[in-house]
Amino acid sequence: MRGRRDHLVLRSLTPRIDVDLIATGAAALEVAERHGLPAPRLLAKDLDGRAAGAPATLETFVGGSTAWPSAVSIVRLHAAGAALAQVHAIPLEPQPHLPLRTRPIAVDDFAGDRRRGRMATTPLLRTADEWIQSLLQPQGATVFLHGDVWPGNMAWTADTCCTLIDWKTAGVGDPGVDIGELRKQIAITYGPEAIAGVVDGWEQTAGRSATNIDYWDAVAALNTPTDLGPVATARRDAFLRAALERLGGEG
């Protein structure tokens, strides 16, 4: 139609985004479309850059808002958990552009940075990391993961209508990778009393109990910079300490 303007999203190389992340985002959107998930739709991909001059993808623009209210409703928390359950309903084995993920936001490894002395640490972070390292990682069938679940990657058109965006660190693994990350994000944003709603919404949609939540909460909390600012750091530490205590470690 003459005069029509469509909003699209072009993704290409940046200092934080390499060709592997672009390829992962494309592969994830292909899986999402195949299974009818609420997600952007991939329109074109040029992973070797021959056509565009650099590796790039083109995807549809998702409307709605990624801004969360100052006080979050239980309805929204349930819907967020339900959105994750839809993703995790897809069984998937690791593949070249959708690898196994054992932590959220796999491009970051802040716990590893602290172990190697590249970042300052604290007694709590050190104790928690040592405890997690001593435990066997939960094993089970792998499912599709978003990989970077935080409020900024959830576009809302109502408190019950959520679309997940930005799939560049997607992959496969335990559902807890995504659940723990969202719970951590909610705890940091709103305080720990809000986090139960995410699991409730996930379990209602999945039709089963979420498992190993304490382990994945700790993994998510450890994959953060040591200093997040006074309020966020205090909330992260409280979230991590609670997970550690439930796991049997020292808080």
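For the exercises below, Ala, Val, Leu, Ile, Met, Phe, Trp, Tyr, Cys and Pro count as nonpolar, Asp, Glu, Lys and Arg as charged, and the others, Gly among them, as polar.

The model is predicted: local features need pLDDT of at least 70, side-chain atom pairs count only at pLDDT 80 or more, and totals for chains, interfaces and linings use all residues. Residues are numbered from 1 along each chain as its sequence is written, and side-chain values use heavy atoms, with hydrogens and water left out.

**Exercise 1. Strand pairing**

Determine which strands pair with S3, and in which sense.

Solution.
- Step 1. Helices (H or I, at least four residues) and strands (E, at least two) are DSSP runs, numbered from the N terminus; two strands pair if DSSP finds at least two bridges between them.
- Step 2. Five bridges join strand S1 (residues 8-12) to strand S3 (residues 56-60), in the antiparallel sense.
- Step 3. Strand S2 (residues 42-46) is also antiparallel to S3, with four bridges.
- Step 4. Leucine 58 in S3 is a useful reference point, since it faces leucine 10 and also stands opposite alanine 44.

**Exercise 2. The enclosed space**

State how many cavities of 30 Å³ or more the structure holds, and describe the lining of the largest cavity.

Solution.
- Step 1. On a 1 Å grid over the protein atoms alone, a cavity is a set of points where a 1.4 Å probe fits but cannot get out, whereas a pocket is an open set with protein on both sides within 12 Å along at least five of seven lines; lining residues have an atom within 4 Å of a point.
- Step 2. Grid points are joined across faces, edges and corners, and a volume is the space filled by probe spheres set on the points.
- Step 3. The search of the whole structure finds one such cavity, and the volume of the largest cavity is about 90 Å³.
- Step 4. It is lined by 13 residues, of which Arg11, Leu21, Gly25, Glu59 and Lys168 are the closest to its centre.
- Step 5. At least two lining residues come from each of S1, helix H1 (19-34) and S3; H1 gives the most, with five.
- Step 6. By class, the lining has six nonpolar, three polar and four charged residues.

**Exercise 3. A charged residue in S3**

Is glutamate 59 buried or exposed, and which side chain does its own side chain contact?

Solution.
- Step 1. Buried means under 20% relative accessible area, exposed over 50%, and partly exposed in between (1.4 Å probe, protein chains only).
- Step 2. Glutamate 59, which lies in strand S3, has a relative accessible area of 5% and is therefore buried.
- Step 3. A polar contact is a pair of N or O atoms within 3.5 Å; within protein, one must be able to donate a hydrogen and the other to accept it, and residues adjacent in sequence count only if both atoms are side-chain atoms.
- Step 4. The side chain of glutamate 59 makes such a contact with that of arginine 11, at 3.1 Å.

**Exercise 4. Two helices**

Compare the end-to-end distance of H5 and of H2 with the expected span, then state how many residues of each helix are buried.

Solution.
- Step 1. The expected span is 1.5 Å times one less than the number of residues.
- Step 2. Helix H5 (residues 176-190) has 15 residues and should span 21 Å; its end C-alpha atoms are 20 Å apart, which agrees.
- Step 3. Helix H2 (residues 74-88), also of 15 residues, reaches 21 Å, close to the expected 21 Å.
- Step 4. In H5, 14 of the 15 residues are buried; in H2, 11 of 15 are buried, so H2 is largely enclosed by the rest of the structure.
- Step 5. The buried residues of H2 include Arg76, Leu77, Leu84 and His88.
- Step 6. Just after H5, glycine 191 takes a positive phi of about 100 degrees.

**Exercise 5. The open spaces**

Describe the largest pocket and the second largest pocket.

Solution.
- Step 1. The largest pocket holds about 250 Å³ of space.
- Step 2. Of its 14 lining residues, Thr102, Arg115, Ile132, Gln133 and Val219 lie nearest its centre; helix H3 (110-115), helix H4 (123-134) and helix H7 (213-222) each give two or more residues to the lining.
- Step 3. That lining has six nonpolar, four polar and four charged residues.
- Step 4. The second largest pocket has a volume of about 150 Å³, and H5 gives the most to its lining, with four residues.
- Step 5. Among the residues that line the second largest pocket are Trp150, Glu181, Lys184 and Leu228.
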